Amino acid sequence: MITAERKPIQEIMNLVSPYKNLLLVGCNECVTVCSAGGRKEVALLSSALQVAFMKSGRIVHIQEMTLERQCDPEYIEQLVPHIDSVDAVLSLACGCGVQEIARRFKEKMVFPGVNTKFMGASERPGVWAERCQGCGDCLLGVTGGICPIARCSKRLQNGPCGGSSKGKCEIGPDVDCAWQLIWDRLKALGLQERYETLLPAKNWRNGRGGGPRKIVREDLM
Ligand code: SF4
Ligand code: SF4
């Protein structure tokens, strides 16, 4: 999923401070799973903003909505009946959702209420960890299912580096060395010989190195 964390309330207040009528929009997908921008967080933020604005002597009207997906034009159309009655939109979706609302409603200011973080997984309740950087050419099939791009601090494809110590990365004692994880996993699978194979230099143009990317599927057009 795409993970996100809600911005501090004061930062959100500063962003929306010129506006009196807000549409606060959540998303039912990733940001719901990571408890940053679903229906519940919309309600909590709405109440918190109302109280905070009242304390500062201002009345701000907030309409609440949560869409199935904010990164999908089909669902963004559900905002049409509401958009004319508000001055601005505050979105609790990831950056994709914020930009899609801005693309659809060019005359309205759209603000992000969360900081979008990374593509990750839930390690345990309340903890999400980065797992993929969308490099466009997945290596998991040769690294035992552990991503060296997202999980090695130096994105090394042939590790570990000299900073690996007792299974931990040199950046901190709480950070596993990705290449230790890769070795442990390949060993457990009886695939140690794969570790001896040097991976070729990666073509970073398949990732962000090639600029903004698109997937075009003519069979679906
Ligand atoms: S190798 Fe690339 S696509 Fe595969 S998990 Fe890592 S970053 Fe994501
Ligand atoms: S210690 Fe391991 S995870 Fe950290 S940078 Fe070196 S190879 Fe990568």
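This is a short walk through one predicted model, from its cores and helices to its ligand sites and a few odd backbone spots.

Okay, let's start in the middle. The largest nonpolar core has 31 residues, and V25, V31 and L92 are the ones with the most contacts inside it. Plenty of elements chip in: β1, α1, β2, α2, α3, β4, α6 and β5 each give at least two residues to this core. The largest share comes from β2, with five residues.

Let me stay with V25 for a second. Leaving out anything up to four places away in sequence, V25 touches M65, T66, L67, Q70, L79, V89, S91, L92 and I101. Apart from this core there's another one, of 12 residues, and I146, W179, W183 and L186 are among them.

Now the helices, and α3 is a nice one to look at. It runs over residues 39-55, so 17 residues, and at 1.5 Å a residue that should span 24 Å; the end C-alpha atoms sit 25 Å apart, which agrees. Which residues of α3 are buried? Those are E41, V42, L45 and L49. They cover an arc of only 100 degrees around the axis, so they're on the same side of α3. If you want the general reason, an α-helix has 3.6 residues a turn, so residues three or four places apart point the same way.

And what do those buried residues pack against? That would be β1, α1, β2 and β3. Flip to the face turned away from the buried side and you get the exposed set: K40, L44, S47, V51, M54 and K55. After α3 comes G57, with a positive phi near 80 degrees.

Compare that with α6, residues 95-104. Its buried residues are G97, V98, E100 and I101. Seen down the axis of α6, they fall within an arc of 165 degrees, so they line one face of the helix. The cover over these residues includes β2, α4, β4 and β5. You'll remember I101 from the V25 contact list.

On to the ligands. Around ligand 1 we have C132, Q133, G134, C135, C138, L139, L140, C147, I149 and A150. By class, that shell has eight nonpolar residues, two polar ones and no charged ones. Ligand 2 has 14 residues around it, and C152, P160, C161, C169 and C177 come nearest. Its shell divides into eight nonpolar, four polar and two charged residues.

Keep P160 in mind, please. It's in the loop between α7 and α8, and the peptide bond joining G159 and P160 is cis, with omega about 5 degrees. The same α7 to α8 loop holds K166, whose phi is positive, near 50 degrees. Is K166 buried or exposed? It's exposed, because just 7 other C-beta atoms lie within 10 Å.

There's another positive phi in a residue other than glycine at S35, near 55 degrees. S35 is in the loop between α2 and α3, and it counts as partly exposed because it has 16 C-beta neighbours inside 10 Å. For context, most residues other than glycine have a negative phi, and most peptide bonds are trans.

Last stop, a pair of residues that touch each other. T143 is in the loop between β7 and α7, and P148 is in helix α7. Both come out buried: T143 has 25 C-beta neighbours inside 10 Å, and P148 has 24 other C-beta atoms within 10 Å. Beyond its neighbours within four places in sequence, T143 is in contact with P148 and I182. P148 has a longer list on that basis: L139, T143, R155, L156, Q157, G159, A178, W179 and I182. So which names recur? L139 also shows up around ligand 1, W179 belongs to the 12-residue core, and G159 is one partner in that cis bond.

One more thing on sequence against space. T143 and Y195 are 52 residues apart in sequence, yet their C-alpha atoms are 7.9 Å apart. P148 and C96 are also separated by 52 residues in sequence, but there the C-alpha to C-alpha distance is 25 Å.

That's my tour, thanks.

Key. Residues numbered from 1 in each chain as written. Chains lettered and ligands numbered in written order. Predicted model: local features only at pLDDT ≥ 70, side-chain atom pairs only at ≥ 80, totals over all residues. Near = placed C-beta within 6 Å. Nonpolar A, V, L, I, M, F, W, Y, C, P; charged D, E, K, R; others polar. Helix = DSSP H or I, 4+ residues; strand = E, 2+ residues; numbered from the N terminus. Expected span 1.5 Å × (residues − 1). Buried ≥ 20, exposed ≤ 12 C-beta atoms within 10 Å, placed from the backbone. Arc of directions from axis to C-beta. Contact = placed C-beta atoms within 7 Å. Core = buried A, V, L, I, M, F, W, Y, C linked by C-beta atoms within 7 Å.
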